[in-house]
Every structure is written in structure tokens, then in C-alpha cells.
Amino acid sequence: MTFITMEEAKAYLRVDTADEDAVIGSLLDAAGILCRDVARLTDAQWEDIDSDKQWADTYNSAEMASVRSVLRVAVLYALGYLFEHREDADHHDLTLTLRSLLFGIREGVV
């Protein structure tokens, strides 16, 4: 994931060692996919958001910055939730919370 690095994820989770890098990497990918799906973004939209582009066909630069900031919060929230609740996660509750966080950028049903 480009817009959230492993170092940022570890700092958010307050993990200082490399012992759990593989778990954090997997959970970061899962959190990104979950947020992409809840936001109803297409693969092309997600690739644009997860790249270094300042704008894309679907977003101008202001929209891109806004969408990235909202998704950043949602992905970090999902990452933290999945990391803390590895054994007993309530995915339905997590999805409902992500819907609330991503409501402003959710795409309509196609």
C-alpha cells in the first residue's frame, strides 16, 4: 500500500520491533481491501488513490487529497481493529463502523 507505509502502520500500532512485520503487512493489505470494498471503489479508482498521482480521470487534485485523507483514517482504524482483535474480531461491527467513516466517499451501487 503506497499511501500508508509499514513504518506509519507500525507507528500507529505502537509496535517497535520487526517481530510482527509479516502480520502487520497482511493486516494492512486486508484493511485496504476491506475499505476499498466498503467504499465501493473500482480497481482503477483504488489504483489511482493508492499511487503517487496528484489527480486522476475520476478525481481532481482536491478530491484526491480529500478521498485519501478519509481512506487513510479508515484503513488505519481497520488495521488497528484487526491487529487488536486478531482472535475475536466482530467483522460485522467493523464493517458498520467503516461504512460510517467512508459514507462521504462511497460510490453508488452500479
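# A guided tour of the salt bridges, helices and surface patches

Select Arg36 and Asp37 to begin: their side chains form a salt bridge in which the closest N and O atoms are 3.3 Å apart. The model on display is a predicted one, and every value quoted on this tour is computed from it.

**First stop: the network around Arg36**

Keep Arg36 selected and add Asp43. A salt bridge joins these two side chains as well, at 3.7 Å from N to O. Arg36, Asp37 and Asp43 are thus displayed together as a network of salt bridges. Colouring the three residues by accessibility is instructive. Arg36 has a relative accessible area of 19% and is buried, because the cut-off for that class is under 20%. Asp37, at 46% relative accessibility, counts as partly exposed, and Asp43, at 51%, counts as exposed. The network therefore includes a buried residue, Arg36, and an exposed one, Asp43.

How many salt bridges does the structure hold? There are five, and the two formed by Arg36 are among them.

**Second stop: from α1 to α2**

Next, select Lys10 and Asp21. Their side chains meet in a salt bridge, with 3.0 Å between N and O. Lys10 belongs to helix α1 and Asp21 to helix α2, so this pair ties together parts that are eleven residues apart in sequence. Side chains of opposite charge can pair when their charged atoms come close. Is Lys10 buried or exposed? Lys10 counts as buried, at 13% relative accessibility, whereas Asp21, at 25%, counts as partly exposed.

With Asp21 still selected, add Ala9 and draw a distance between the C-alpha atoms. The two residues are twelve positions apart in sequence and 9.8 Å apart in space.

**Third stop: the two sides of α1**

Select residues 6-13, which make up helix α1, and highlight Ala9, Lys10 and Leu13; these three are buried. Why do they lie on the same side of α1? They cover an arc of only 95° around the axis, which puts them on the same side of the helix. As a general point, an α-helix has 3.6 residues a turn, so residues three or four places apart point the same way. Now turn the view to the other side of α1, where Glu7 and Ala11 are exposed.

**Fourth stop: Ile33 in α2**

Move to helix α2, residues 21-38, and select Ile33. Ile33 counts as partly exposed, at 43% relative accessibility. For a distance back to α1, add Ala9 again: the C-alpha atoms of Ile33 and Ala9 are separated by 15 Å, and the residues are 24 apart along the chain.

**Fifth stop: two arginines with positive phi**

Select Arg14, in the loop between α1 and α2. Its phi is near 60°, a positive value in a residue other than glycine. Arg14 counts as exposed, at 75% relative accessibility.

Then select Arg40, in the loop between α2 and α3, the latter spanning residues 43-49. The phi of Arg40 is likewise near 60°, again a positive value in a residue other than glycine. Arg40 has a relative accessible area of 37% and is partly exposed.

**Sixth stop: a nonpolar patch**

Switch to a surface representation and select Tyr12, Val73, Tyr77 and Leu101. Together they make a nonpolar surface patch of about 350 Å². Within this group, Leu101 is located in helix α5. Leu101 is partly exposed, with a relative accessible area of 35%.

**Last stop: a patch of negative charge**

Which residues gather in the patch of negative charge on the surface? Select Glu87, Asp88, Asp90 and Asp93 to display it. Asp90 sits in the loop between α4, residues 61-84, and α5, residues 91-102. At 38% relative accessibility, Asp90 counts as partly exposed.

To end the tour, return to the opening view of Arg36, Asp37 and Asp43, linked in their network of salt bridges, and set it beside the patch formed by Glu87, Asp88, Asp90 and Asp93.

Terms used:
Residues are numbered from 1 along each chain as its sequence is written. This is a predicted model: local features need pLDDT of at least 70, side-chain atom pairs count only at pLDDT 80 or more; totals for chains, interfaces and linings use all residues. Side-chain values use heavy atoms; hydrogens and water are left out. Patches are made of residues with over 30% relative accessible area and no salt bridge: like charges are joined within 9 Å, nonpolar side chains (Val, Leu, Ile, Met, Phe, Trp, Tyr) within 5 Å. Accessible areas come from the Shrake-Rupley method with a 1.4 Å probe; for residues, only the protein chains shown count as cover. A salt bridge is a side-chain nitrogen of Lys or Arg within 4 Å of a carboxyl oxygen of Asp or Glu. Lys and Arg count as positive and Asp and Glu as negative; His and the chain ends are not counted. The place of a charge is taken as NZ of Lys, CZ of Arg, CG of Asp or CD of Glu. Helices (H or I, at least four residues) and strands (E, at least two) are DSSP runs, numbered from the N terminus. Buried means under 20% relative accessible area, exposed over 50%, partly exposed in between (1.4 Å probe, protein chains only). The arc is that of the directions from the helix axis to the C-beta atoms.
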